[in-house]
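Reader: I would like a close look at a single part of this model. Please take the aromatic rings that pair with one another, and go on from there to the pocket.

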Amino acid sequence: MPVAGATTSFDFDRVVRPDFLIRWGNVGTISGKVEGLAWRSSLLGYKNLPGSGAFSTELFVRGESEADVPLREYGLRGIYRFSFLRRWLFGELILG
């Protein structure tokens with residue numbers, strides 16, 4: 001049986017230098033499958049590398065507001081993004 005819900009997101013981006021960007025991203029979902037509000041918040045730093053590659057670092061937290069354990073996951077990830085086969089096709093290596 002389908003469950004109705006709603007998801008809202010808010011992102012804030014700030015270009016620090018032409019090759020460096022900071023993003024604060026948030027998303028929240030209310031539905032019959034979660035207790036209260038299922039949410040995720042992350043802070044990312046993006047750094048362009050020479051050529052078509054980039055590196056980013058992400059610090060994130062995720063949880064549900066009314067759950068027995070409201071903070072479900074937290075962590076730190078490093079992501080290397082590179083052009084793959086074509087200029088517009090990218091691959092990512094993620095360590096976290």
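Author: **Rings and a pocket**

F82 has a relative accessibility of 23%, so F82 counts as partly exposed; buried means under 20% relative accessible area, exposed over 50%, and partly exposed in between, with a 1.4 Å probe and protein chains only. This is a predicted model, in which local features need pLDDT of at least 70 and side-chain atom pairs count only at pLDDT 80 or more, while totals for chains, interfaces and linings use all residues. Residues are numbered from 1 along each chain as its sequence is written, and side-chain values use heavy atoms, with hydrogens and water left out.

F82 and F84 form an edge-to-face aromatic pair, 6.5 Å centre to centre with 80 degrees between the planes. Rings of Phe, Tyr and Trp (its six-membered ring) pair if their centres lie within 6.5 Å; planes under 30 degrees apart count as stacked, over 60 as edge-to-face and the rest as tilted. By this rule there are three aromatic pairs. The ring centres of Y80 and F82 are 5.6 Å apart and the planes stand at 20 degrees, so this pair is stacked. Ring pairs thus link Y80, F82 and F84 into a cluster. Y80 is partly exposed, at 35% relative accessibility, and F84 is partly exposed too, at 43%.

R81 lies over the face of F90, 4.2 Å from the ring centre; the rule asks for NZ of Lys or CZ of Arg within 6 Å of the ring centre and within 35 degrees of the ring normal.
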